Amino acid sequence: MSKDRKADTQSDTYGGKEIKPDQQQRLPHHMEMELPHELSINPLFAREGESTIPRLHLADGGMLPETAYQIVHDEITLDGNARLNLATFVSTWMEPAAERLYAQSFDKNMIDKDEYPQTAQIEERCVRILADLWHSPEPLKTMGVSTTGSSEACMLGGLALKRRWQNAREKEGKPVDLPNIVFSSAVQVVWEKFANYWEVEPRYVKVTPEHPQLNPEGVLAAVDENTIGVVAILGETYTGLYEPIAAIAKALDELQEKSGLNIPMHVDAASGGFIAPFLQPDLVWDFQLPRVKSINVSGHKYGLVYPGLGWIIWREAKDLPEELIFRVSYLGGNMPTFALNFSRPGAQVLLQYYNYLRLGKEGYYEVQKASQNVALFLSKEIQNMGPFELLSDGSDIPVFAWRLRDDATSHWTLFDLSRQMRVFGWQVPAYPLPPDMETVTIMRVVVRNGFSMDLAHLFLVNLKQAVAFLDTLDAPMPHDTKYDNGFHH
Ligand SMILES: Cc1ncc(COP(=O)(O)O)c(C=O)c1O
C-alpha cells in the first residue's frame, strides 16, 4: 500500500464532513483499500497467462472484450436487484420497444442539435407538451429545457429566480448582496446545494410535529425583500406528501397587496409533476397560479424514463432572464442553450417522447393509478399490522412512509427491519426525519411502474416474516444499525 493511500485510509473527513469511526468502513474508498489490490481473473474466460490485473491503476495492456465484460458483469451481481429497490424514485423498468429505441439512440449527444435536428425538435415538442400539461399561458412559446435530472433543473430554476431578483433590485438602486431563498427543512438536498453553490442564504421553514409540512404562516415569517423566491414541493422526498402550494401562493398574494413585495414561487415537482395532472387533475398547483414562475420534474421518475432526464419549464418566456441564455455557434448553427452541462445523452429525451406517444393521457393515468392502487393497498395493510403508524398513505404520489409506534417494541428499530428485508432482497430505506424531528425514524416505499400487485403481496409476506423474526428477540438488537445499515435516496 502506498504512503498516501494509507494516509487516506486513516482520514476522518469526507467531503469536508467529519466521519464517525463506525461510518468510515462504509466509504467506497476505504472499502477499496481493504480489498486485495489485484483482481483475479477466472482462467475459464482469461487469455492464457492472464491471472490478475491491478485494481487501482491502469494496467499496461488490455484484455479481450469478453474478459472485461465478465469482470464488470460479475462484480455488479453484488448490487441490489433494481426492481426490488423500493428506495429509488427513478425508473427501473421500461418495455422492450422502448429498450430497442434506447439501444438505437444511445450514441446521440443532446447538445449536437445541428447534427441531430430531429432529436432537437423532439426535445422542443416535449417542452411544449409539458408547458401545456401544466397550464402555461403561452405553451407554444414559453421557455423550457431538458436536463440530466431534477437536480440540474432545480439549479436552473434557482438561478433564474436569483437573476430576476438581482435585476429588479438593481433597477431600484437597491443592494443585491444578501439574497435568500425560502423552503421547508424537508427539501431534497439539491436545494441545500443550490443555496451553497450559488451563495444564496437558505431560509428553512422548520417542519415540526405541529407543522409537519411547509405552511403559509411559516413562509410569511421567513420572507423579506431579499427573498429571491419560495420553493414548494409537489411530492416531498420524505413522505410523498404535496405541500399546500395554492395556499402558499395565496398568502404571498396577500403579502404583495399589503406590502408591495412580489415574491415568485418555483414548484419542485420532481415526482408530482407527472402524477398530479393525471391522478389529481383538479388540484391547482401549477401555472394556473400566476405566482408560480417555474416548475421542474424528473422525466426519469414518474415520467417513466430510464435514469438521466429532467425538465424545467418557465411560466412565460419573460420569466427566464434572457442574459442567462448562451448562443453558441460552434455546433454548426446558432443554438441557444441554458444548461449546466454541455454534452449529455439525447436518448432519454427520445424515450420521453416515446412514452408520450405510447401512453397518451389515458395511458399515463392507467400506469400511475396502478402504482397508486398498490401504494394504497400496502399502506393500509402495514397500518393494520399493529406496530406501525402511517405518515402518508400514497394518495398524493404513490409513495408512503410509516414509523414504529413508541410503545411497539424496545428490541428492534426500523433500521433493523430494513436490514432484515434485505435478506429477502427488498431494499426499503429507513432514515431519520429532518432536523427538529430527527428523533423520528421512518421507513418509506416508493411504488413505481413495474411494482405490481403480485409483487406487493409477496413484499407483504416478507415484511410480516421479517417482523415475526424480529419479535422473537428477547433483548435489543446488539449493534448500532443506525450507521451500518443506512441507505437512502
Ligand atoms: C423533491 C425532489 N427534488 C429534487 C430531487 C432530485 O431529483 P433528481 O434525482 O432527478 O436529480 C428529488 C429526488 O428524489 C426530489 O425528490
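A residue counts as buried here if 20 or more other C-beta atoms lie within 10 Å of its own C-beta. By that cut-off, 5 of the 6 residues of strand β17 (residues 441-446) are buried, so β17 is largely enclosed by the rest of the structure. Keep in mind that this is a predicted model. Below is a quick tour, from the whole chain down to a few single residues.

**The whole chain**

- DSSP-style bookkeeping of the protein chain gives 15 helices and 17 strands.
- The radius of gyration of the protein chain is 24 Å, close to the 23 Å that the globule rule gives for 489 residues, so the chain is as compact as a globular protein of that length.
- If you're setting up a box, the C-alpha atoms fill one of roughly 70 × 65 × 50 Å, taken along the principal axes.
- Buried residues make up 39% of the 489 residues in the protein chain.
- Take the contacts with a separation of 6 or more: 68% of them are between residues 24 or more positions apart.

**Strand β17 and its partners**

- On one hand, β17 pairs with strand β15 (residues 399-404) in the antiparallel sense, over 5 bridges.
- In that pairing, A401 sits opposite R444 of β17.
- On the other hand, strand β16 (residues 430-432) is joined to β17 by 3 bridges, and these two strands also run antiparallel.
- Here Y431 is the residue that stands opposite I442 of β17.
- As background, side chains in a regular strand alternate between the two faces of the sheet.

**The annotated lysine, K301**

- An unreviewed UniProt entry carries the annotation "modified residue: N6-(pyridoxal phosphate)lysine", and that annotation covers K301.
- You'll find K301 in the loop between β10 (292-298) and β11 (310-314).
- Despite the loop address, K301 is buried, because it has 28 other C-beta atoms within 10 Å, and the cut-off for buried is 20 or more.
- Leaving out residues up to four places away in sequence, K301 touches F89, V90, A270, S271 and F274.

**Around the ligand**

- There are 15 residues around the ligand, and G149, S150, S151, Q188 and A270 come nearest.
- A270 turns up twice in this tour: A270 is among the residues nearest the ligand, and A270 also touches K301.
- Helix α7 (residues 150-171) supplies the largest share of the shell around the ligand, with 3 residues.
- Sorted by class, the shell has 9 polar, 5 nonpolar and 1 charged residues.

**E170, out on helix α7**

- E170 also belongs to helix α7.
- Is E170 buried or exposed? E170 is exposed, because just 11 other C-beta atoms lie within 10 Å, and the cut-off for exposed is 12 or fewer.
- From E170 to M477 it is 60 Å, C-alpha to C-alpha, and the two are 307 residues apart in sequence.

**P216, on helix α9**

- P216 has its place in helix α9 (residues 216-222).
- With 19 other C-beta atoms within 10 Å, P216 is partly exposed.
- Not counting residues up to four places away in sequence, P216 touches A247, I248 and A251.
- P216 and K250 are 34 residues apart along the chain, and their C-alpha atoms are separated by 8.4 Å.

Definitions and conventions. Residues numbered from 1 in each chain as written. Predicted model: local features only at pLDDT ≥ 70, side-chain atom pairs only at ≥ 80, totals over all residues. UniProt positions renumbered as here; feature names shortened; annotations may be inferred. Helix = DSSP H or I, 4+ residues; strand = E, 2+ residues; numbered from the N terminus. Contact = placed C-beta atoms within 7 Å. Near = placed C-beta within 6 Å. Nonpolar A, V, L, I, M, F, W, Y, C, P; charged D, E, K, R; others polar. Rg over C-alpha atoms; globule rule 2.2 N^0.38 Å. Pairing = 2+ DSSP bridges.
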